[in-house]
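Here is a short report to read with the sequence and the model side by side. Please keep the viewer open, and turn to each part as it comes up.

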Amino acid sequence: MSRLTTPTPDAAPAASRPLLDGIFKKLGVVPNLYRVVSLSPAALEGLLGLGAALSKTLDVKTRERIAIAVAEVNGCDYCLSAHTYLALNLAKITPEDAALNRRGASTEAKADAAVRFAVKVAERRGKVSDADIAAVKAAGFSEAQIVEIVGLVAENVYTNFVNNVAETEIDFPVLHTAQAA
């Protein structure tokens, strides 16, 4: 059971309801993460704004791979479950790649560099080495894309932390991070 309230869309603060309606129209459901974050309309608006902006970066497969890797780093079962589901069913990555993503790698060379870099950003709180920057550049990522990878890490750290604090009830096929095992 969640340690924070998971309001129904109708019971959410009035300022959050139009945002939750937008999520429902887009997804056909309002995942529990968004319902918990809706407790703060400002936080929900910020999360959705960042998510919308970052959805225009990189490709969906790489974004989902990074989300899986960061969820594993932060021990977030909710995000690991949600993003693995999305990666397999929306982005259409292979189960083998999803398993590698959990270990901070990928079957695809360029994505592998992005995932490895994202894990270092998450683990080292952004204090990566010159060699880390050189490696992601050598894989073909521009400086703007490096900033976008950092943004994706930050977005995922935020949702990981919210879910870890709230112990949000998982509404996807449940997976557990190695930290939870």
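The notes below go through one helix, two cysteines, two pockets and a few single residues of this predicted model.

## Helix α5

Let us start with helix α5, which covers residues 77–91. With 15 residues at 1.5 Å a residue, α5 should span 21 Å, and the C-alpha atoms at its ends are 20 Å apart, so the expected and computed lengths agree. Right after α5 comes K92, whose phi is positive, at about 65 degrees.

Which residues of α5 are buried? They are D77, Y78, C79, L80, S81, A82, H83, T84, A87 and A91. The elements that cover these buried residues include α2 (32–37), α4 (60–73), α6 (95–102) and α9 (143–166). An α-helix has 3.6 residues a turn, so residues three or four places apart point the same way.

## Two cysteines without a bond

C79, one of the buried residues of α5, has a relative accessible area of 2%. C76 is buried too, at 0% relative accessibility.

Why is there no bond between C76 and C79? A disulfide is a covalent bond between the sulfur atoms of two cysteines. Here a pair of cysteine sulfurs would have to lie within 2.5 Å to count as one. The closest cysteine sulfur to that of C76 is in C79, 3.6 Å away, which is too far for a bond. Seen from the other side, the closest cysteine sulfur to that of C79 is the one in C76, at 3.6 Å. A search of the whole structure likewise finds zero disulfides.

## The largest pocket

Now please look for the largest pocket, with a volume of about 940 Å³. It has 30 lining residues, and those closest to its centre are K26, Y34, E64, H83 and L86. Two or more lining residues come from each of α1 (17–27), α2, α3 (41–54), α4, α5 and α9.

Which element gives the most to this lining? It is α5, with seven residues. H83, which is among the residues closest to the pocket centre, is also among the buried residues of α5. By class, the lining of the largest pocket holds 20 nonpolar, six polar and four charged residues.

## The second largest pocket

The second largest pocket holds about 150 Å³ of space. Its lining is made up of V73, N74, V121, A122, E123, R125, G126, V153, V157 and F161. Both α7 (109–123) and α9 supply at least two of these residues. Sorted by class, this lining has six nonpolar, two polar and two charged residues.

R125 deserves a second look. This lining residue sits in the loop between α7 and α8 (130–138). Its phi is near 50 degrees, a positive value in a residue other than glycine. Is R125 buried or exposed? At 76% relative accessibility, R125 counts as exposed.

## Helix α9 and its last stretch

Helix α9, which helps to cover the buried residues of α5, has 24 residues. From its first C-alpha to its last, α9 reaches 35 Å, close to the 34 Å expected at 1.5 Å a residue. Just after α9, E167 has a positive phi of about 50 degrees.

A166 belongs to helix α9 and is buried, with a relative accessible area of 0%. A166 and S2 are 164 residues apart along the chain, yet their C-alpha atoms are separated by 5.6 Å. Neighbours within four places in sequence aside, A166 is in contact with S2, R3, L4 and V36.

## R35 and L58

R35 lies in helix α2, and its relative accessible area of 18% makes it buried. T8 is 27 residues from R35 in sequence, and 6.8 Å separates the two, C-alpha to C-alpha. Leaving out neighbours within four places in sequence, the contacts of R35 are T6, P7, T8, P9, L20 and V30.

Finally, find L58 in the loop between α3 and α4. L58 has a positive phi of about 45 degrees although it is not a glycine. With a relative accessible area of 23%, L58 is partly exposed.

How values were computed: Residues are numbered from 1 along each chain as its sequence is written. This is a predicted model: local features need pLDDT of at least 70, side-chain atom pairs count only at pLDDT 80 or more; totals for chains, interfaces and linings use all residues. Side-chain values use heavy atoms; hydrogens and water are left out. Helices (H or I, at least four residues) and strands (E, at least two) are DSSP runs, numbered from the N terminus. The expected span of a helix is 1.5 Å times one less than its number of residues. Buried means under 20% relative accessible area, exposed over 50%, partly exposed in between (1.4 Å probe, protein chains only). Contact means heavy atoms within 4.5 Å. On a 1 Å grid over the protein atoms alone, a cavity is a set of points where a 1.4 Å probe fits but cannot get out, and a pocket is an open set with protein on both sides within 12 Å along at least five of seven lines; lining residues have an atom within 4 Å of a point. Grid points are joined across faces, edges and corners, and a volume is the space filled by probe spheres set on the points. Ala, Val, Leu, Ile, Met, Phe, Trp, Tyr, Cys and Pro count as nonpolar, Asp, Glu, Lys and Arg as charged, and the others, Gly among them, as polar.
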